[in-house]
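Here's a quick tour for anyone meeting this structure for the first time. Have a look at the model, then read on for a pocket and a few helix pairs.

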Amino acid sequence: YIMMGELGLDGKLYPIKGVLAMAMQAKADGYLGILIPNENAAEAALVDDMEIFCFEHLNEVVDFIADPNTKSPIKRTRLVQDNEPKSVTDFSDVKGQENVKRALEIASAGSHNIIMIGPPGAGKTMLAKSIVSILPPLNQMEALETSKIYSITGKLDAVNKSRPFRHPHHSLSAIALIGGGSHPQPGEISLAHNGVLFLDELPEFNRSVIEVLRQPMEEGIVCIARAKMSVTFPARFMLMAAMNPCPCGYYNHPKKECHCSPALIQKYMHKISGPLLDRIDMHIEVVPVLYNELRASKQEESSATIASRVKNAREIQAHRFKNEIGTYTNAQMNSSQLKKYCNITSEGEAILKMAMEKFQLSARAFDRIIKVSRSIADLDNSQTIQINHISEAIQYRSLDKSNWGQYKN
C-alpha cells in the first residue's frame, strides 16, 4: 500500500495535488491500494481495482495499521460523470461564413491545426468558440489522461466528457504556455491535451513565446529539463489561431481603408515565422459578412448535425488506427502511416504534383495536405482519396502571407 497526504503538526491530514495520477501509477506498479486524506477520496475513487482508504487524522491511520478490519475501502465512483454541458455558441447562430464552417468541420474531424485570417468583427472568435459544440466527447482513456493533468495542477473538479478549450491571453509567458517552474507544472498546451488551444490575435503574442509551440505540435509531448529533474508532459492538442491581416485590421479590405504603412504591415506579419505556419494544416480567410447574410431568414445548419458527421469520421479513424500505438486521428499520422492509409487516385496525384510545383510547398506541407484530404474523404465515407478531396485540401494550404487580406466582394 502507498500512503499519500500532507501531515499537519497536530496530526491532521490535508489533501494534496495529483492523487489521480499517483493512484493510477500505483495500480500500474502492482500496489493493492492507497491511504489518503478524506478530501482526496472522490478523485482517487475514479481508479478501478484499487483499495482506497480515507482518513482524517494520523491516529486513524495508526489504528487501521494495527487492525485493518476496523475500516472498509470506499466504493469506486463512475469514471465519467455526466456533467451538464457548458453553454457554447451553436453553429446555427453564425450567419454566413459557410466556407469557414466547412473548414472547422474538417479540422474537427481530423484534429487539424487551423488559422483564421480576417478583419475585426468578421466572426473569427465566435467561430473558434463554436468548435466546442461539434467536437466528439472524450472517450474513457482520453478523459483519464486529461484529468490526470488537471489533478497535478489542483484544478480537477470532476471528470467529464467535454474536451478542454483553453483560451489564454496574449500576455502569457513561455513558461505559462509550455509549463515549467522550479517544481515543473503543466502549461496551457498540456491543459489543452485532447482538446483545443485557441490563440486569438496571434501576432500580439510574443514571438519567442509562440515559437516554443513547434516541438510540441510535432511530437505531442513537451519535455521540460531542470537541474534537478527532467519532466515530460503530454501535449496532444488542436491549435486554433486567429489574426488580423495588419495592425489596423483592414489591409486590402473591399470597403475600409488601411492606415498601416508597408513597413508596419511587414513587421506585423514577421511576428509569425514560416516554420510555425508550415505546421498549421489549414489557412482560412474569414471575409466580412454582408448585410443581406446577417438579415437572412435562412436556417443555418446546427452544431448537432455537423457533430454527427464529425463523430462518424472520428469513428472511422478509431477503427483505422486501432492497432497503431499513439495515433488516434489523421493529423497524428507519420510518414509510414500516410503510405499505408492514404490511397490517392491517379487524378488526385496529378493535381497534388501540380500544386506542389506551383506553390513551392514544403515536404511538411505535402504531408499535411494528404492528412487533410484523408479527413475530407472520411467525412464522405470514402476509402480512397479522390481528386475533389485533394483539391479542397490544397485550397487550405495555398494561402500566401503576401496575399492575406485579398477579400472578395
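How are α17 and α18 oriented to each other? They are oblique to each other, because their angle of about 125° falls outside the ranges for roughly parallel, roughly antiparallel and roughly perpendicular. Keep in mind that this is a predicted model.

**Helices α17 and α18**

- α18 covers residues 387-395, and its axis runs 8 Å from that of α17.
- The two helices, α17 and α18, make a right-handed crossing.
- On the α17 side, the contact uses I369, V372, S373, I376 and A377. Facing them in α18 are H389, I390, E392, A393 and I394.
- Sorted by class, the residues of this α17–α18 contact come out as 7 nonpolar, 2 polar and 1 charged.

**Helices α16 and α18**

- α18 also packs against α16 (residues 346-359), this time at an angle of about 20° with the axes 8 Å apart.
- That angle makes α16 roughly parallel to α18.
- The crossing of α16 with α18 is right-handed.
- From α16, the residues E347, G348, I351, L352, A355 and F359 meet I387, I390, S391 and I394 of α18.
- The class split for the α16–α18 contact is 7 nonpolar, 2 polar and 1 charged.
- I390 and I394 of α18 turn up in the contact with α17 and again in the contact with α16.

**Helices α4 and α14**

- Another pair to look at is α4 (residues 98-110) with α14 (residues 303-320), packed at an angle of about 35° with axes 8 Å apart.
- α4 crosses α14 in a right-handed way.
- E105, S108, A109 and G110 are what α4 brings to the contact, while α14 brings I306, R309, V310, A313, R314 and Q317.
- Here the residues divide into 4 nonpolar, 3 polar and 3 charged.

**The second largest pocket**

- Now for some empty space: the second largest pocket has a volume of about 680 Å³.
- Its lining is made of 34 residues, and those nearest the centre of the pocket are M217, E218, R236, A331 and Q332.
- Which elements give two or more residues to this lining? They are α6 (140-153), α10 (214-219), α15 (335-341) and α17 (363-379).
- So what kinds of residue line the second largest pocket, going by the usual class lists? There are 12 nonpolar, 10 polar and 12 charged residues.
- α17 thus has two roles in this tour, as a contributor to the pocket lining and as a packing partner of α18.

Definitions and conventions
Residues numbered from 1 in each chain as written. Predicted model: local features only at pLDDT ≥ 70, side-chain atom pairs only at ≥ 80, totals over all residues. Heavy atoms only, no water. 1 Å grid on protein atoms, 1.4 Å probe; cavity = no way out; pocket = protein on both sides within 12 Å on 5 of 7 lines; lining within 4 Å. Points joined across faces, edges and corners; volume = space filled by probe spheres on them. Helix = DSSP H or I, 4+ residues; strand = E, 2+ residues; numbered from the N terminus. Nonpolar A, V, L, I, M, F, W, Y, C, P; charged D, E, K, R; others polar. Axes fitted to C-alpha atoms, helices over the stretch in contact; angles between N-to-C directions. Parallel < 35°, antiparallel > 145°, perpendicular 65-115°, else oblique. Left-handed = near helix turned anticlockwise from the far one by under 90°. Contact = heavy atoms within 4.5 Å.
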